[in-house]
Amino acid sequence: MEVDGEESTPKTHTVQARFVSDSGEEAGPPLDLPINVTKQQLELILNALLKNEEQTPYLFFVNDQEIQESVQQTLGSESLDVENVLDVVYQPQAVFRVRPVTRCTSSMPGHAEAVVSLAFSPNSLHLASGSGDTTLRLWDLTTETPHFTCTGHKNWVLSVAWSPDSLKVASADKTGEIRIWCPDSGKLIGRPLVGHKKWVNCLSWEPFHKNPECRYLVSAGNDNDVRIWDVVLGNSIKVIAGHTGPVTAVRWGGSGLLYTSSRDRNIKMWRADDGVLCKTFTGHAHWVNNLALNTDYVLRTGPFHPVVDKKRSYSVSEKTDQQRLALERYEKVCPDGVESFVSCSDDFTLYLWKSNQKQFITRMTGHQNVVNDVKYSPDVKLIASASFDKSVRLWRASDGAFICAFRGHVQAVYTVAWSADSRLLLSGSKDSTLKVWSVKDRKLAQELPGHADEVFGVDWAPDGSRVASGGKDKVLKLWSY
(Lines give C-alpha, C1' and ligand atoms only; values in the text may rest on other atoms or scores of the structure.)
Protein backbone atom coordinates (compact mmCIF):
# COMPACT_ATOMS: atom_id res chain seq x y z
CA MET A 1 0.00 0.00 0.00
CA GLU A 2 1.29 3.46 -0.89
CA VAL A 3 0.77 6.43 1.42
CA ASP A 4 0.75 9.97 -0.05
CA GLY A 5 2.60 8.79 -3.12
CA GLU A 6 5.52 7.34 -1.14
CA GLU A 7 6.87 4.04 -2.47
CA SER A 8 7.78 1.32 0.00
CA THR A 9 11.26 0.71 -1.48
CA PRO A 10 13.36 -2.04 0.07
CA LYS A 11 15.99 -0.56 2.36
CA THR A 12 19.61 -1.30 1.45
CA HIS A 13 21.44 -2.64 4.48
CA THR A 14 24.68 -0.93 5.32
CA VAL A 15 27.61 -2.17 7.28
CA GLN A 16 30.42 -0.35 9.04
CA ALA A 17 33.65 -1.50 7.43
CA ARG A 18 37.29 -0.53 7.51
CA PHE A 19 40.05 -1.40 5.07
CA VAL A 20 43.00 -3.20 6.66
CA SER A 21 46.17 -4.23 4.82
CA ASP A 22 47.33 -7.83 5.15
CA SER A 23 50.06 -6.54 7.46
CA GLY A 24 47.45 -4.96 9.77
CA GLU A 25 47.60 -1.24 8.84
CA GLU A 26 44.28 0.61 8.61
CA ALA A 27 43.56 2.69 5.51
CA GLY A 28 41.48 5.47 7.05
CA PRO A 29 38.51 5.44 9.44
CA PRO A 30 35.54 3.00 9.27
CA LEU A 31 33.00 3.75 6.51
CA ASP A 32 29.32 3.01 6.07
CA LEU A 33 29.14 0.76 3.02
CA PRO A 34 26.12 -0.90 1.41
CA ILE A 35 26.18 -4.64 2.09
CA ASN A 36 25.94 -5.31 -1.67
CA VAL A 37 29.07 -3.23 -2.44
CA THR A 38 31.01 -4.93 -5.26
CA LYS A 39 34.69 -5.78 -5.54
CA GLN A 40 35.11 -3.11 -8.27
CA GLN A 41 33.51 -0.46 -6.02
CA LEU A 42 35.76 -1.47 -3.11
CA GLU A 43 38.77 -1.03 -5.41
CA LEU A 44 37.68 2.51 -6.36
CA ILE A 45 37.05 3.47 -2.72
CA LEU A 46 40.40 2.07 -1.53
CA ASN A 47 42.40 3.74 -4.32
CA ALA A 48 40.74 7.04 -3.36
CA LEU A 49 41.48 6.49 0.36
CA LEU A 50 45.13 5.68 -0.35
CA LYS A 51 45.36 8.59 -2.84
CA ASN A 52 46.85 6.30 -5.50
CA GLU A 53 47.67 8.28 -8.63
CA GLU A 54 47.23 5.19 -10.77
CA GLN A 55 44.48 2.68 -10.08
CA THR A 56 46.06 -0.33 -8.34
CA PRO A 57 44.24 -3.68 -8.54
CA TYR A 58 43.50 -5.34 -5.18
CA LEU A 59 42.21 -8.58 -3.74
CA PHE A 60 39.74 -8.25 -0.82
CA PHE A 61 38.93 -10.70 1.96
CA VAL A 62 36.35 -10.81 4.75
CA ASN A 63 36.57 -13.50 7.43
CA ASP A 64 39.41 -15.15 5.44
CA GLN A 65 37.19 -15.51 2.37
CA GLU A 66 38.02 -13.72 -0.88
CA ILE A 67 35.39 -11.27 -2.17
CA GLN A 68 34.81 -12.45 -5.74
CA GLU A 69 31.71 -10.34 -6.49
CA SER A 70 30.18 -8.53 -3.49
CA VAL A 71 30.48 -8.46 0.31
CA GLN A 72 26.92 -9.75 0.61
CA GLN A 73 27.58 -12.74 -1.62
CA THR A 74 30.80 -13.59 0.26
CA LEU A 75 29.20 -13.42 3.71
CA GLY A 76 26.23 -15.45 2.42
CA SER A 77 23.42 -16.03 4.86
CA GLU A 78 25.55 -15.20 7.90
CA SER A 79 23.74 -12.74 10.11
CA LEU A 80 25.38 -9.35 9.91
CA ASP A 81 26.82 -7.98 13.09
CA VAL A 82 25.89 -4.31 12.76
CA GLU A 83 27.36 -3.54 16.17
CA ASN A 84 30.95 -4.33 15.18
CA VAL A 85 33.14 -2.97 12.42
CA LEU A 86 33.78 -5.42 9.57
CA ASP A 87 37.43 -5.71 8.56
CA VAL A 88 37.96 -5.83 4.80
CA VAL A 89 41.52 -7.08 4.30
CA TYR A 90 43.17 -5.91 1.09
CA GLN A 91 46.20 -7.17 -0.86
CA PRO A 92 47.70 -5.22 -3.76
CA GLN A 93 48.00 -7.19 -7.01
CA ALA A 94 50.79 -6.91 -9.56
CA VAL A 95 50.04 -3.99 -11.87
CA PHE A 96 51.29 -5.86 -14.92
CA ARG A 97 49.60 -9.05 -16.08
CA VAL A 98 51.16 -12.22 -17.41
CA ARG A 99 49.06 -13.91 -20.05
CA PRO A 100 48.69 -17.70 -19.97
CA VAL A 101 51.00 -19.36 -22.47
CA THR A 102 48.87 -21.22 -25.01
CA ARG A 103 51.09 -22.52 -27.81
CA CYS A 104 54.52 -23.91 -28.52
CA THR A 105 56.48 -21.35 -30.55
CA SER A 106 59.64 -23.46 -30.96
CA SER A 107 60.77 -27.05 -30.54
CA MET A 108 64.53 -26.81 -30.39
CA PRO A 109 66.43 -30.06 -30.85
CA GLY A 110 70.17 -30.11 -30.30
CA HIS A 111 70.75 -31.98 -27.07
CA ALA A 112 71.72 -35.61 -27.62
CA GLU A 113 70.38 -36.74 -24.24
CA ALA A 114 67.65 -35.73 -21.77
CA VAL A 115 67.37 -32.07 -20.75
CA VAL A 116 67.63 -32.18 -16.96
CA SER A 117 68.01 -28.52 -15.96
CA LEU A 118 67.09 -25.18 -17.49
CA ALA A 119 66.79 -21.55 -16.40
CA PHE A 120 66.09 -18.10 -17.82
CA SER A 121 68.52 -15.34 -16.89
CA PRO A 122 67.25 -12.74 -14.36
CA ASN A 123 66.86 -10.14 -17.15
CA SER A 124 64.88 -12.70 -19.24
CA LEU A 125 67.20 -12.23 -22.23
CA HIS A 126 68.99 -15.60 -22.10
CA LEU A 127 68.08 -19.24 -21.57
CA ALA A 128 70.48 -22.00 -20.51
CA SER A 129 69.88 -25.75 -20.49
CA GLY A 130 71.94 -28.62 -19.09
CA SER A 131 71.72 -32.15 -20.41
CA GLY A 132 72.80 -35.74 -20.04
CA ASP A 133 74.88 -35.19 -23.20
CA THR A 134 77.48 -33.35 -21.00
CA THR A 135 76.82 -29.94 -22.62
CA LEU A 136 75.34 -26.66 -21.50
CA ARG A 137 73.43 -24.91 -24.28
CA LEU A 138 72.65 -21.21 -24.52
CA TRP A 139 69.67 -20.27 -26.66
CA ASP A 140 68.95 -17.10 -28.66
CA LEU A 141 65.51 -15.97 -27.49
CA THR A 142 65.05 -13.47 -30.34
CA THR A 143 65.29 -16.09 -33.05
CA GLU A 144 64.49 -19.05 -30.76
CA THR A 145 67.48 -20.98 -32.06
CA PRO A 146 70.62 -22.49 -30.45
CA HIS A 147 73.23 -19.85 -29.74
CA PHE A 148 76.20 -21.64 -28.14
CA THR A 149 77.02 -25.19 -27.17
CA CYS A 150 79.34 -25.11 -24.16
CA THR A 151 81.49 -28.25 -23.96
CA GLY A 152 83.97 -29.45 -21.36
CA HIS A 153 81.86 -31.27 -18.78
CA LYS A 154 82.61 -34.99 -18.59
CA ASN A 155 79.23 -36.17 -17.33
CA TRP A 156 75.57 -35.13 -17.03
CA VAL A 157 75.01 -31.40 -16.40
CA LEU A 158 72.66 -31.56 -13.42
CA SER A 159 72.29 -27.94 -12.39
CA VAL A 160 72.41 -24.47 -13.95
CA ALA A 161 72.31 -21.14 -12.09
CA TRP A 162 72.49 -17.56 -13.40
CA SER A 163 74.41 -14.88 -11.54
CA PRO A 164 72.03 -12.10 -10.38
CA ASP A 165 73.54 -9.62 -12.91
CA SER A 166 72.78 -12.03 -15.81
CA LEU A 167 76.42 -11.80 -16.97
CA LYS A 168 77.49 -15.32 -15.94
CA VAL A 169 75.91 -18.76 -15.81
CA ALA A 170 77.21 -21.64 -13.71
CA SER A 171 76.77 -25.32 -14.55
CA ALA A 172 77.53 -28.33 -12.36
CA ASP A 173 77.89 -31.97 -13.34
CA LYS A 174 77.85 -35.53 -12.09
CA THR A 175 81.64 -35.63 -11.60
CA GLY A 176 81.42 -32.71 -9.13
CA GLU A 177 82.93 -30.14 -11.51
CA ILE A 178 81.47 -26.62 -11.83
CA ARG A 179 82.05 -24.32 -14.81
CA ILE A 180 81.22 -20.63 -15.28
CA TRP A 181 80.26 -19.38 -18.77
CA CYS A 182 79.77 -16.04 -20.51
CA PRO A 183 76.30 -15.97 -22.15
CA ASP A 184 77.38 -13.48 -24.84
CA SER A 185 80.30 -15.56 -26.11
CA GLY A 186 79.57 -19.07 -24.85
CA LYS A 187 83.16 -19.19 -23.56
CA LEU A 188 84.40 -20.56 -20.23
CA ILE A 189 85.19 -17.87 -17.63
CA GLY A 190 88.29 -18.78 -15.63
CA ARG A 191 89.11 -22.36 -14.84
CA PRO A 192 86.72 -25.17 -13.82
CA LEU A 193 85.90 -25.24 -10.09
CA VAL A 194 87.10 -28.60 -8.78
CA GLY A 195 86.78 -29.95 -5.24
CA HIS A 196 83.54 -31.88 -4.83
CA LYS A 197 84.13 -35.63 -4.68
CA LYS A 198 80.69 -36.63 -6.01
CA TRP A 199 78.03 -35.03 -8.14
CA VAL A 200 76.76 -31.52 -7.47
CA ASN A 201 72.98 -31.20 -7.08
CA CYS A 202 72.53 -27.50 -6.52
CA LEU A 203 74.04 -24.05 -6.95
CA SER A 204 73.19 -20.59 -5.60
CA TRP A 205 74.85 -17.17 -6.10
CA GLU A 206 75.44 -14.51 -3.47
CA PRO A 207 72.54 -12.00 -3.73
CA PHE A 208 73.11 -8.86 -5.81
CA HIS A 209 72.35 -6.42 -2.98
CA LYS A 210 75.13 -8.06 -0.94
CA ASN A 211 77.73 -7.94 -3.71
CA PRO A 212 76.97 -6.48 -7.18
CA GLU A 213 80.22 -8.03 -8.49
CA CYS A 214 78.48 -11.44 -8.36
CA ARG A 215 81.74 -13.09 -7.43
CA TYR A 216 80.71 -15.81 -4.99
CA LEU A 217 78.81 -19.02 -5.59
CA VAL A 218 77.74 -21.81 -3.22
CA SER A 219 77.40 -25.45 -4.28
CA ALA A 220 76.39 -28.70 -2.60
CA GLY A 221 75.97 -32.32 -3.54
CA ASN A 222 76.29 -36.02 -2.86
CA ASP A 223 79.60 -35.77 -0.96
CA ASN A 224 77.56 -34.14 1.88
CA ASP A 225 79.68 -30.96 1.65
CA VAL A 226 78.74 -27.33 0.94
CA ARG A 227 81.42 -25.23 -0.79
CA ILE A 228 81.68 -21.47 -1.34
CA TRP A 229 83.66 -20.47 -4.44
CA ASP A 230 85.37 -17.31 -5.59
CA VAL A 231 84.68 -17.52 -9.33
CA VAL A 232 87.26 -14.81 -10.10
CA LEU A 233 90.11 -16.68 -8.41
CA GLY A 234 88.62 -20.01 -9.42
CA ASN A 235 89.00 -21.70 -6.06
CA SER A 236 87.01 -22.91 -3.07
CA ILE A 237 87.28 -20.40 -0.21
CA LYS A 238 85.22 -22.37 2.31
CA VAL A 239 84.18 -25.99 2.80
CA ILE A 240 81.22 -26.43 5.13
CA ALA A 241 80.74 -29.93 6.51
CA GLY A 242 77.99 -31.05 8.85
CA HIS A 243 75.39 -32.99 6.89
CA THR A 244 75.61 -36.78 7.10
CA GLY A 245 73.78 -37.39 3.82
CA PRO A 246 73.73 -35.91 0.30
CA VAL A 247 72.70 -32.24 0.19
CA THR A 248 69.62 -31.81 -2.03
CA ALA A 249 69.21 -28.01 -2.09
CA VAL A 250 71.13 -24.88 -1.14
CA ARG A 251 69.93 -21.26 -0.99
CA TRP A 252 72.00 -18.13 -0.34
CA GLY A 253 69.60 -15.92 1.61
CA GLY A 254 69.46 -12.15 1.54
CA SER A 255 70.68 -11.61 5.10
CA GLY A 256 73.96 -13.50 4.69
CA LEU A 257 72.70 -16.96 5.65
CA LEU A 258 72.96 -20.23 3.73
CA TYR A 259 70.13 -22.77 3.92
CA THR A 260 70.73 -26.43 3.05
CA SER A 261 68.43 -29.47 2.92
CA SER A 262 69.67 -33.05 2.96
CA ARG A 263 68.84 -36.70 2.76
CA ASP A 264 69.92 -36.87 6.40
CA ARG A 265 66.37 -35.47 7.04
CA ASN A 266 67.72 -32.17 8.38
CA ILE A 267 67.77 -28.58 7.19
CA LYS A 268 70.71 -26.49 8.34
CA MET A 269 71.32 -22.75 8.40
CA TRP A 270 74.90 -21.43 8.19
CA ARG A 271 76.58 -18.03 8.28
CA ALA A 272 78.00 -17.43 4.80
CA ASP A 273 80.86 -15.23 6.14
CA ASP A 274 82.55 -17.87 8.26
CA GLY A 275 80.60 -21.10 7.62
CA VAL A 276 79.46 -21.37 11.24
CA LEU A 277 76.35 -23.51 11.80
CA CYS A 278 73.54 -21.35 13.23
CA LYS A 279 70.64 -23.82 13.50
CA THR A 280 69.58 -27.34 12.60
CA PHE A 281 65.87 -27.73 11.77
CA THR A 282 64.47 -31.20 12.41
CA GLY A 283 61.04 -32.71 11.88
CA HIS A 284 60.97 -34.55 8.57
CA ALA A 285 60.80 -38.36 8.82
CA HIS A 286 62.50 -39.00 5.46
CA TRP A 287 64.78 -37.32 2.88
CA VAL A 288 64.29 -33.58 2.44
CA ASN A 289 64.07 -33.08 -1.34
CA ASN A 290 63.93 -29.34 -1.75
CA LEU A 291 63.42 -26.02 -0.05
CA ALA A 292 62.26 -22.54 -1.05
CA LEU A 293 62.78 -19.12 0.55
CA ASN A 294 60.12 -16.42 0.62
CA THR A 295 62.81 -14.15 -0.86
CA ASP A 296 63.72 -16.46 -3.80
CA TYR A 297 62.02 -14.33 -6.44
CA VAL A 298 63.39 -10.93 -5.36
CA LEU A 299 66.85 -12.45 -4.95
CA ARG A 300 66.63 -14.05 -8.38
CA THR A 301 65.52 -10.91 -10.19
CA GLY A 302 67.43 -8.42 -7.97
CA PRO A 303 67.84 -5.23 -10.01
CA PHE A 304 65.67 -6.52 -12.88
CA HIS A 305 62.19 -5.64 -11.75
CA PRO A 306 59.79 -6.98 -14.42
CA VAL A 307 57.91 -3.67 -14.52
CA VAL A 308 61.15 -1.79 -15.24
CA ASP A 309 62.42 -1.96 -18.82
CA LYS A 310 64.36 -5.23 -18.95
CA LYS A 311 66.44 -4.21 -21.97
CA ARG A 312 67.93 -1.21 -20.25
CA SER A 313 71.71 -1.55 -20.05
CA TYR A 314 73.50 -0.32 -16.96
CA SER A 315 76.88 1.34 -16.85
CA VAL A 316 79.33 0.47 -14.08
CA SER A 317 78.55 3.76 -12.33
CA GLU A 318 74.91 2.67 -12.13
CA LYS A 319 75.81 -0.47 -10.20
CA THR A 320 75.06 1.42 -6.98
CA ASP A 321 71.56 2.26 -8.31
CA GLN A 322 71.02 -1.38 -9.20
CA GLN A 323 72.23 -2.46 -5.78
CA ARG A 324 69.90 0.04 -4.09
CA LEU A 325 66.93 -1.24 -6.12
CA ALA A 326 67.79 -4.86 -5.28
CA LEU A 327 68.11 -4.01 -1.57
CA GLU A 328 64.80 -2.09 -1.55
CA ARG A 329 63.02 -5.03 -3.14
CA TYR A 330 64.55 -7.46 -0.63
CA GLU A 331 63.67 -5.29 2.37
CA LYS A 332 60.08 -4.94 1.17
CA VAL A 333 59.65 -8.72 1.37
CA CYS A 334 61.86 -9.15 4.42
CA PRO A 335 61.88 -5.88 6.41
CA ASP A 336 63.31 -7.41 9.60
CA GLY A 337 65.84 -9.68 7.88
CA VAL A 338 63.94 -12.77 9.09
CA GLU A 339 63.32 -15.10 6.17
CA SER A 340 60.61 -17.75 5.98
CA PHE A 341 61.23 -20.98 4.14
CA VAL A 342 59.42 -24.18 3.29
CA SER A 343 60.82 -27.70 2.89
CA CYS A 344 59.37 -30.74 1.12
CA SER A 345 60.14 -34.39 1.68
CA ASP A 346 59.80 -38.05 0.80
CA ASP A 347 57.65 -38.29 3.95
CA PHE A 348 54.74 -36.75 1.91
CA THR A 349 54.79 -33.53 3.98
CA LEU A 350 56.02 -29.94 3.85
CA TYR A 351 57.21 -27.88 6.80
CA LEU A 352 57.05 -24.10 7.12
CA TRP A 353 59.89 -22.44 9.05
CA LYS A 354 61.22 -19.02 10.09
CA SER A 355 64.95 -18.34 10.23
CA ASN A 356 64.72 -16.93 13.79
CA GLN A 357 62.80 -19.91 15.24
CA LYS A 358 64.04 -23.44 15.72
CA GLN A 359 60.55 -24.95 15.92
CA PHE A 360 58.56 -25.25 12.69
CA ILE A 361 55.56 -22.94 12.21
CA THR A 362 53.37 -25.68 10.79
CA ARG A 363 53.44 -29.13 9.23
CA MET A 364 51.60 -29.22 5.89
CA THR A 365 49.94 -32.56 5.17
CA GLY A 366 47.67 -33.84 2.42
CA HIS A 367 49.94 -35.14 -0.32
CA GLN A 368 49.69 -38.91 -0.77
CA ASN A 369 53.22 -39.46 -2.09
CA VAL A 370 56.72 -37.98 -2.32
CA VAL A 371 56.76 -34.14 -2.49
CA ASN A 372 59.45 -33.24 -4.99
CA ASP A 373 59.30 -29.49 -5.57
CA VAL A 374 58.09 -26.39 -3.74
CA LYS A 375 58.03 -22.70 -4.73
CA TYR A 376 56.85 -19.42 -3.16
CA SER A 377 54.80 -17.17 -5.43
CA PRO A 378 56.63 -13.94 -6.40
CA ASP A 379 54.22 -11.88 -4.27
CA VAL A 380 55.01 -14.21 -1.31
CA LYS A 381 51.32 -14.86 -0.61
CA LEU A 382 51.19 -18.50 -1.72
CA ILE A 383 53.24 -21.70 -1.78
CA ALA A 384 52.89 -24.36 -4.50
CA SER A 385 54.05 -27.96 -4.10
CA ALA A 386 54.46 -30.73 -6.69
CA SER A 387 54.10 -34.38 -5.78
CA PHE A 388 54.40 -37.89 -7.16
CA ASP A 389 50.71 -38.25 -6.18
CA LYS A 390 49.95 -36.49 -9.54
CA SER A 391 48.69 -33.32 -7.87
CA VAL A 392 49.84 -29.75 -7.29
CA ARG A 393 48.76 -28.15 -4.03
CA LEU A 394 48.41 -24.51 -3.03
CA TRP A 395 49.04 -23.31 0.52
CA ARG A 396 48.80 -19.93 2.24
CA ALA A 397 52.34 -18.68 2.77
CA SER A 398 51.65 -16.85 6.05
CA ASP A 399 50.59 -19.93 8.04
CA GLY A 400 50.79 -22.92 5.68
CA ALA A 401 46.99 -23.36 5.54
CA PHE A 402 45.83 -25.61 2.70
CA ILE A 403 43.96 -23.77 -0.07
CA CYS A 404 43.28 -26.22 -2.90
CA ALA A 405 44.64 -29.10 -4.96
CA PHE A 406 45.06 -28.97 -8.74
CA ARG A 407 44.36 -32.36 -10.29
CA GLY A 408 44.70 -33.24 -13.96
CA HIS A 409 48.11 -34.80 -14.43
CA VAL A 410 47.94 -38.58 -14.87
CA GLN A 411 51.46 -39.27 -13.57
CA ALA A 412 53.94 -37.81 -11.08
CA VAL A 413 54.38 -34.01 -11.09
CA TYR A 414 58.10 -33.23 -11.04
CA THR A 415 58.31 -29.46 -10.95
CA VAL A 416 56.41 -26.16 -10.75
CA ALA A 417 57.10 -22.54 -11.78
CA TRP A 418 55.18 -19.32 -11.08
CA SER A 419 54.35 -16.47 -13.44
CA ALA A 420 55.83 -13.15 -12.31
CA ASP A 421 52.41 -11.73 -11.37
CA SER A 422 51.58 -14.76 -9.16
CA ARG A 423 48.29 -15.32 -10.98
CA LEU A 424 49.35 -18.43 -12.90
CA LEU A 425 51.18 -21.61 -11.98
CA LEU A 426 52.95 -23.99 -14.35
CA SER A 427 53.57 -27.69 -13.70
CA GLY A 428 55.68 -30.25 -15.57
CA SER A 429 54.99 -33.96 -15.26
CA LYS A 430 56.10 -37.49 -15.99
CA ASP A 431 52.97 -37.70 -18.20
CA SER A 432 54.82 -35.56 -20.85
CA THR A 433 52.53 -32.51 -20.46
CA LEU A 434 52.77 -29.06 -18.97
CA LYS A 435 49.71 -27.51 -17.40
CA VAL A 436 48.97 -23.86 -16.60
CA TRP A 437 46.67 -23.34 -13.60
CA SER A 438 44.70 -20.20 -12.77
CA VAL A 439 45.16 -19.37 -9.10
CA LYS A 440 42.11 -17.08 -8.97
CA ASP A 441 39.72 -19.53 -10.67
CA ARG A 442 41.41 -22.52 -9.05
CA LYS A 443 41.23 -24.53 -12.22
CA LEU A 444 43.19 -25.57 -15.31
CA ALA A 445 43.80 -22.57 -17.59
CA GLN A 446 45.77 -24.29 -20.34
CA GLU A 447 46.90 -27.80 -21.25
CA LEU A 448 50.25 -27.89 -23.06
CA PRO A 449 50.92 -31.27 -24.69
CA GLY A 450 53.79 -31.69 -27.13
CA HIS A 451 56.68 -33.37 -25.38
CA ALA A 452 57.20 -37.01 -26.34
CA ASP A 453 58.33 -38.09 -22.87
CA GLU A 454 58.73 -37.02 -19.22
CA VAL A 455 59.16 -33.27 -18.53
CA PHE A 456 62.07 -32.74 -16.11
CA GLY A 457 62.51 -28.97 -16.18
CA VAL A 458 60.25 -25.92 -16.56
CA ASP A 459 60.86 -22.21 -16.08
CA TRP A 460 58.75 -19.10 -16.60
CA ALA A 461 60.79 -16.09 -17.75
CA PRO A 462 60.93 -13.48 -14.94
CA ASP A 463 59.34 -10.88 -17.23
CA GLY A 464 56.42 -13.23 -17.98
CA SER A 465 57.11 -13.32 -21.72
CA ARG A 466 57.52 -17.06 -22.26
CA VAL A 467 57.91 -20.50 -20.76
CA ALA A 468 60.66 -23.04 -21.41
CA SER A 469 60.46 -26.79 -20.86
CA GLY A 470 62.73 -29.76 -21.41
CA GLY A 471 62.89 -33.43 -20.58
CA LYS A 472 63.53 -36.99 -21.58
CA ASP A 473 62.72 -36.42 -25.28
CA LYS A 474 65.94 -34.28 -25.55
CA VAL A 475 63.92 -31.35 -26.99
CA LEU A 476 63.75 -27.87 -25.53
CA LYS A 477 60.38 -26.19 -26.11
CA LEU A 478 59.44 -22.51 -25.86
CA TRP A 479 55.82 -21.58 -25.20
CA SER A 480 54.12 -18.22 -25.61
CA TYR A 481 50.63 -16.73 -25.94
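The exercises below concern a predicted model, and each is followed by a worked solution.

**Exercise 1.** State where S355 lies, decide whether S355 is buried or exposed, and list its contacts beyond its neighbours within four places in sequence.

Solution. Start with the secondary structure: S355 falls in the loop that links β24 (350-354) to β25 (362-364). Next, take the accessibility. Buried means under 20% relative accessible area. S355 has 5% relative accessibility, so this residue counts as buried. Then turn to the surroundings. With neighbours within four places in sequence left out, S355 is in contact with Y259, M269, K279, F281, G337, V338, E339 and F341. Last, compare sequence and space: S355 and T365 are 10 residues apart in sequence, and their C-alpha atoms are 21 Å apart.

**Exercise 2.** Place H126 in its strand and determine whether H126 is buried or exposed.

Solution. H126 belongs to strand β8, which covers residues 126-131. Its relative accessibility is 14%, and H126 therefore counts as buried. Outside the neighbours within four places in sequence, the contacts of H126 are A119, F120, S121, L141, W162, S166, P183 and D184.

**Exercise 3.** Identify which residues of the largest nonpolar core touch the most other members, and which elements each supply at least two residues of this core.

Solution. The largest nonpolar core has 18 residues, and F19, L42, F60 and V71 touch the most other members. At least two residues of this core come from each of β1 (14-21), α1 (39-49), β3 (58-62), α2 (71-75) and β5 (86-92). For F19, the contacts beyond four places in sequence are E25, E26, A27, L31, L42, I45, L46, L49, F60, V88 and Y90. A separate second core, of 15 residues, includes A417, L426, L448 and V455. As background, nonpolar side chains in soluble globular proteins tend to be buried together.

**Exercise 4.** Explain why strand β15 is described as largely enclosed, and work out which strands pair with β15.

Solution. Begin with burial: strand β15 spans residues 216-221, and 5 of its 6 residues are buried, so the strand is largely enclosed by the rest of the structure. Now take the pairing. Strand β14 (residues 200-205) pairs with β15 in the antiparallel sense over 5 bridges. Strand β16 (residues 226-230) also runs antiparallel to β15, joined by 5 bridges. V218 can be followed through both pairings: in β15, V218 stands opposite S204, and its bridge partner in β16 is I228. Finally, inspect the turn. The hairpin of β15 and β16 has 4 residues between the strands, and in this hairpin N224 takes a positive phi near 75°.

Methods:
Residues numbered from 1 in each chain as written. Predicted model: local features only at pLDDT ≥ 70, side-chain atom pairs only at ≥ 80, totals over all residues. Heavy atoms only, no water. Buried < 20%, exposed > 50% of the residue type's maximum accessible area, 1.4 Å probe, protein only. Contact = heavy atoms within 4.5 Å. Core = buried A, V, L, I, M, F, W, Y, C linked by side-chain atoms within 4.5 Å. Pairing = 2+ DSSP bridges.
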